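Biologist: Please take a close look at a single part of this model, the second largest pocket, and tell me how much space lies in it and which residues line it.

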Amino acid sequence: MKRTIFDEDHDAFRDTCRTFVDRKLRPNQEKHAAEHGFGRQMWLELGKQGLLGLNIPEEYGGSSVGDPRFSMILAEELSKLSFAYSSCVGIHSDCVAPYLVDLCTEEQKQRWLPKFCSGELITAIAMTEPSGGSDLAALKTTAVRDGDGWVLNGSKTFITNGYSADLVLVAARTSPEKGAKGITLFGVEAGMPGFERGRRLDKVGQPEADTSELFFADVRISDENVIGQPDLGFIYMMQRLVGERIGSAVNNLSHARQILDETLEYVKERKAFGQPVGSFQANKHRLAELVTTVEVTQAFVDTAVLEQVNGTLSAVDAAKAKWFSAQVQNDVLDACVQLWGGYGYMNEYRVARAWQDARVSKIWAGSNEIMKELIGRDLGL
């Protein structure tokens, strides 16, 4: 089914993104996987192409396109190569950007945004803690007022871009007596005494992604690095999780569809018992189910993206898109591994790596169980 949410400008931008992926990322993918990150030079290349500042105003070096579909297109093209690329770039340019643009002071914007757009400043957002998972209100990291600044203590884990980030948005509890209403966001910069990074985490999938633990031991932070107003951090995070979740849905589907398309070509060529594997009725029917499911889900996600463009996307509909696309993604890729047979279990084949990469999508951006809880509450249950 033809997608109808894009115009000629979107199509031209997709060509730009696809060319970048083919020329810069694809030839270096094995190196990025071995090094568990794609390096500062690649961030600078992304900046040079104007791919990091899509959501940043022009006066700070961005392009301020004002249309989430451009970010969606970039995410789709990155996901087609590897889920890790869209994850790392999306955290920087889609997740962190709204915090900096909407909440920062003019001085902070001047200090951070130009380098954010050029790729000189890599960013991460540190919400998740070792004991907290999806429960953001249960943060144990604290920031205590001390004179004209704050003292930050605690740790974070599973932080995308964490090992290489120059600026990390850290959520910390500043008024314990207020519960969820006592959380503040801080901009922690590389080199601040007491800010240490743990190892690059050895994940099941997404080896190209830089993911690490972060530690804060008596890190002194001035008021100049407070993001927004003190104690409003939880509200800020809840407001922006809608964008993160629809972005996750976009990545999930594009990633799954690419491998499904490759699998369709494979089963037409691979033969067993003298005929193409795809011609067996069980396989033919399974592929018919997969293609239909992906296209129907894509229609829902595209509609959600249009609502995001219009500013009408609800948190509940974003939750629906996030959990269902993650489930579809994992179901599709598991079926693709089966259709590839033994080759589908070999890391040298994209289908095997994609299968490993996808499993986390049912966990991050709020687990699928949390998404269903949000939807259930909206049903009055």
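Modeller: In this predicted model, the second largest pocket holds about 420 Å³ of space, a pocket being an open set of points on a 1 Å grid over the protein atoms alone, where a 1.4 Å probe fits, with protein on both sides within 12 Å along at least five of seven lines, and lining residues having an atom within 4 Å of a point. The volume is the space filled by probe spheres set on the points, which are joined across faces, edges and corners. The lining consists of 19 residues, of which M1, R3, R257, Q298 and D302 are the closest to the centre of the pocket. Two or more residues each come from α4 (68–81), α7 (233–269) and α8 (281–310), helices being DSSP runs of H or I with at least four residues, numbered from the N terminus; the most, 6 residues, come from α8. By type, the lining divides into 9 charged, 5 polar and 5 nonpolar residues, where Asp, Glu, Lys and Arg count as charged, Ala, Val, Leu, Ile, Met, Phe, Trp, Tyr, Cys and Pro as nonpolar, and the others, Gly among them, as polar. Residues are numbered from 1 along each chain as its sequence is written, and side-chain values use heavy atoms, with hydrogens and water left out. As this is a predicted model, local features need pLDDT of at least 70 and side-chain atom pairs count only at pLDDT 80 or more, whereas totals for chains, interfaces and linings use all residues.
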